[in-house]
Amino acid sequence: MIVFEKVSYQYPRGPLAIRDVTLEIKKGEFVGVIGHSGAGKTTMAKLAVGLLKPTKGRVLVEGMDTAKTPVSELARKVGYVYQNPDMMLFASSILEEVSFALRNLGYPESEIEERVLRALRAVDLNKPLSASPHALSFGEKHRLAIACVLAVEPDYIILDEPTTGLDYYRCLLLFEVLRKLHQAGRTVIVITHDLDLLARFSTRVIVLERGAVIRDGKPREVLGDVEFLSEHGFVPTHLLQLARRTGSEDLTPEGVARAVAARLIGRQASA
Ligand SMILES: Nc1ncnc2c1ncn2[C@@H]1O[C@H](COP(=O)(O)OP(=O)(O)OP(=O)(O)O)[C@@H](O)[C@H]1O
Ligand SMILES: [Mg+2]
């Protein structure tokens, strides 16, 4: 479990980016975090992996206080994929890139290769191991960055806006990868602006506004609340509006399509 206990974070020469946040993320959840630019999403993610320490309150990862535990220890439990993959990639080959963290954590060579191959398969990146990470497309770099984190096989994986720069087809593929990880028992926390993808894949949605959690619940409750979304400056997508108008509990495209069809059939029958 990742626990935030009355956590605040003040940047040394910046704003109070997180304000008194209390929440628990349990193993097995697929959490979506939404919020406008500057809401504190990245700050919250960095607090969860121990890259930042709370200026007030405590963050616990499986009972370990992030302020007292080395980041390397936390990295075995929680992986963080940066908002910008270029922040993570530095090696001259894919193999070197994905095995870097494993070497640092002291895994034996025999296990390293196995883990590297497994991680690359999970993100569906079929490039030669000797290829340069810098020659990859933006989407491929993102998937490589995810593989670097997956190779460590952390229980929790946090992805910071992983769909940036991807076309919708690639976004869907990426979320399918995340769904597989989730089904395999990993806890996935994804920061994104894509409400429809969260409606389809997540089990919980957290809304951040000016550093505070203003809503936290099932996608159906949070994303289905079109008034709430509009009041807080989120644009309810066509799908979410249609779900609302048809009273569809299911926010997936298939579920909404079924609700629309049921409405049409009902209308024909009463005509
Ligand atoms: N290193 C830093 N030093 C000072 N202030 C910072 C620093 N990083 C972020 N901030 C500020 O903290 C607040 C929260 O930033 P954060 O990056 O967490 O937002 P975000 O929700 O991830 O936004 P985005 O959607 O643009 O990525 C913003 O006001 C930002 O300007
Ligand atoms: Mg951010």
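Which residues are the closest to ligand 1? In this predicted model, the answer is Gly14, Ser37, Lys41, Thr42 and Thr43, picked out of the 14 residues that surround the ligand. Sorted by class, the shell around ligand 1 comes out as eight polar, four nonpolar and two charged residues. As for where these residues sit, helix 1 (residues 41–49) chips in with three of them, the largest share of the shell.

Stepping back to the whole chain, there are 11 helices and 10 strands to keep track of. The C-alpha atoms take up a box of roughly 70 × 45 × 30 Å when the principal axes are used as the frame. The radius of gyration is 20 Å, which agrees with the value near 18 Å that a compact globule of 271 residues would have.

Now for the helix packing, where helix 3 (residues 94–104) turns up in two pairings. Two numbers do the describing for any packed pair: the angle between the axes and the distance between them.

Take helix 4 (residues 109–122) to begin with. The axes of helix 3 and helix 4 cross at roughly 125 degrees and come within 10 Å. At that angle, the two helices are therefore oblique to each other, and their crossing is right-handed. On the helix 3 side, the contact is made by Leu95, Val98, Ser99, Leu102 and Arg103, while helix 4 brings Ile112, Arg115, Val116, Ala119 and Leu120. Class by class, that contact has seven nonpolar residues, two charged ones and one polar one.

The other pairing is with helix 5 (residues 138–150). Here the axes lie 7 Å apart, and helix 3 and helix 5 pack at an angle of about 35 degrees. This crossing, too, is right-handed. Helix 3 puts in Ile94, Glu97, Val98 and Ala101, which meet Leu144, Ala147 and Cys148 of helix 5. The tally for this contact is six nonpolar residues and one charged, with no polar residue. Glu97 of helix 3 is that charged residue.

Val98 is worth a second look when browsing the structure: this helix 3 residue takes part in the contact with helix 4 and also in the one with helix 5.

Methods. Residues numbered from 1 in each chain as written. Chains lettered and ligands numbered in written order. Predicted model: local features only at pLDDT ≥ 70, side-chain atom pairs only at ≥ 80, totals over all residues. Axes fitted to C-alpha atoms, helices over the stretch in contact; angles between N-to-C directions. Helix = DSSP H or I, 4+ residues; strand = E, 2+ residues; numbered from the N terminus. Parallel < 35°, antiparallel > 145°, perpendicular 65-115°, else oblique. Left-handed = near helix turned anticlockwise from the far one by under 90°. Contact = placed C-beta atoms within 7 Å. Nonpolar A, V, L, I, M, F, W, Y, C, P; charged D, E, K, R; others polar. Near = placed C-beta within 6 Å. Rg over C-alpha atoms; globule rule 2.2 N^0.38 Å.
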